[in-house]
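Here is a colleague's note, written for someone who is new to reading structures. Please keep the sequence and the 3D view open while you go through the points.

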Amino acid sequence: MSKIHRIAPSILSADFARLGEEVKNVIASGADWIHFDVMDNHYVPNLTFGPMVCAALKPHAKTPAGQAVPIDVHLMVQPVDALAQAFAEAGADYISFHPEASGHVHRSVQAIKAKGCKAGLVFNPASPMDVLDWVIDDIDLILIMSVNPGFGGQSFIDSALRKIEQARKRIDASGKDIRLEVDGGIKTDNIARVAAAGADTFVAGSAIFGKTDYKAVIDAMRAALATRAS
Ligand code: DX5
Ligand code: ZN
């Protein structure tokens, strides 16, 4: 299920002085989703942007033909609930949070879905996925961190591959249509291995926005994904 690959550029590595233009350019270059990294200088030691920036970017998140492109909000914040609601109102399509940052994970998931958004859970490199035993039927996305959250431009942690395999087994056993996204250190030269482990959605920040030709990078990622039979 969900085997159609999606590439989700993280605007964390975009030029913040020209965010609207960056979003438009990366979509014109083939981005499937826009990954929006929200950091609060509390859950992670960095600070980015909030719901007002999401609302401002929403009108730019469409293809040149006018089709809406999903905004994939990755909350690295604690507490979760008030900001999740604010992002739902700001036009987020997917809202994912780290279970350790919520006192009541099931309630946070339900609150996101009650706003009409898709809900996701994010697992850090050393976080167990046991919570999935209890909420997998309620979520739309699992996000596996392949770096420690807080900064772009870090190196892929190889143990994430085993975790992706485990998450894929859980999703397949559930029989639900749940996307399996991976975030951190994804490049053209490792994306095929990440897909082979079972991921279907790929966040990439510095690999895309660190280059001048976004389309060349996204095309190379798709070519690498096409080299493996899935
Ligand atoms: C890290 C963020 C990532 C980050 C990925 O906390 O969640 O989305 O921007 O950046 P790269 O692709 O540069 O590792
Ligand atoms: Zn992220």
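The numbered points below deal with a metal site, the cysteines, two arginines and the salt bridges of this predicted model.

1. Please begin at the zinc ion (ligand 2), whose protein donors are H35 through NE2, D37 through OD, H74 through ND1 and D183 through OD. These donors lie 2.0 to 2.3 Å from the zinc ion, and in sequence the donor residues follow the spacing H-x1-D-x36-H-x108-D. Because H35 belongs to strand β2 (residues 34–39) and D183 to strand β7 (residues 179–183), this pair ties together parts that are 148 residues apart in sequence. Both H35 and D183 are buried.

2. Why is the arrangement around the zinc ion (ligand 2) described as octahedral? There are 6 donor atoms around the zinc ion, and the angles they subtend run from 68 to 169 degrees, which makes the arrangement octahedral. For orientation, the ideal angles for six octahedral donors are 90 or 180 degrees.

3. How many disulfides does the structure hold? The count is 0, and C54 can be used to see the reason, because its sulfur is 9.2 Å from the closest cysteine sulfur, that of C117, which is too far for a bond. For the reasoning you need the cut-off, which asks for two cysteine sulfur atoms within 2.5 Å. Seen from the other side, C117 is likewise in no disulfide, with the sulfur of C54 as its nearest cysteine sulfur. C54 is buried at 0% relative accessibility, and C117 is also buried, with a relative accessible area of 7%.

4. Next, look at R222, which is found in helix α9 (residues 214–226) and is partly exposed, having a relative accessible area of 31%. If neighbours within four places in sequence are left aside, R222 is in contact with H5, I7, G30 and D32. For two of these residues the atoms involved can be described further: the side chain of R222 reaches the backbone oxygen of G30 at 2.5 Å, and it makes a polar contact with the side chain of D32 at 3.1 Å. As a further point of reference, R222 and A14 are 208 residues apart in sequence, and their C-alpha atoms are 21 Å apart in space.

5. A second arginine to inspect is R179, which lies in strand β7, the strand that also holds the zinc donor D183. Is R179 buried or exposed? With 9% relative accessibility, R179 counts as buried. A polar atom of the R179 side chain lies 2.5 Å from the backbone oxygen of I4. R179 and Q110 are 69 residues apart in sequence, while the distance between them in space, C-alpha to C-alpha, is 18 Å.

6. The remaining points concern salt bridges, of which a search of the whole structure finds 12. In general, side chains of opposite charge can pair when their charged atoms come close. One of these pairs joins E22 and R18, whose side chains meet at 3.9 Å, taken from N to O. E22 is buried, with a relative accessible area of 3%, whereas R18 is partly exposed at 32%. The two residues also belong to a network of salt bridges that links D15, R18, E21 and E22.

7. Another salt bridge is formed by the side chains of D93 and K58, at 3.2 Å from N to O. D93 lies in the loop between α3 (81–89) and β4 (94–97), and K58 in the loop between α2 (51–57) and β3 (71–76), so the pair ties together parts that are 35 residues apart in sequence. D93 counts as partly exposed at 27% relative accessibility, and K58 counts as partly exposed at 30%.

8. Finally, please check the salt bridge between R168 and D200, in which the closest N and O atoms are 3.2 Å apart. Since R168 sits in helix α6 (residues 159–174) and D200 in the loop between α7 (191–196) and β8 (201–204), this pair ties together parts that are 32 residues apart in sequence. R168 is buried, with a relative accessible area of 8%, and D200 also counts as buried, at 0% relative accessibility.

Technical notes:
Residues are numbered from 1 along each chain as its sequence is written. Chains are lettered from A and ligands numbered from 1 in the order in which they are written. This is a predicted model: local features need pLDDT of at least 70, side-chain atom pairs count only at pLDDT 80 or more; totals for chains, interfaces and linings use all residues. Side-chain values use heavy atoms; hydrogens and water are left out. Donors are N, O and S atoms within 2.8 Å of the metal (3.2 Å for Na, K and Ca); water is not among the atoms, so sites may look incomplete. Four donors count as tetrahedral if all angles lie between 85 and 135 degrees; four count as square planar and six as octahedral if opposite donors are over 155 degrees apart and all others between 65 and 115; anything else is irregular. Helices (H or I, at least four residues) and strands (E, at least two) are DSSP runs, numbered from the N terminus. Buried means under 20% relative accessible area, exposed over 50%, partly exposed in between (1.4 Å probe, protein chains only). Contact means heavy atoms within 4.5 Å. A polar contact is a pair of N or O atoms within 3.5 Å; within protein, one must be able to donate a hydrogen and the other to accept it, and residues adjacent in sequence count only if both atoms are side-chain atoms. A salt bridge is a side-chain nitrogen of Lys or Arg within 4 Å of a carboxyl oxygen of Asp or Glu.
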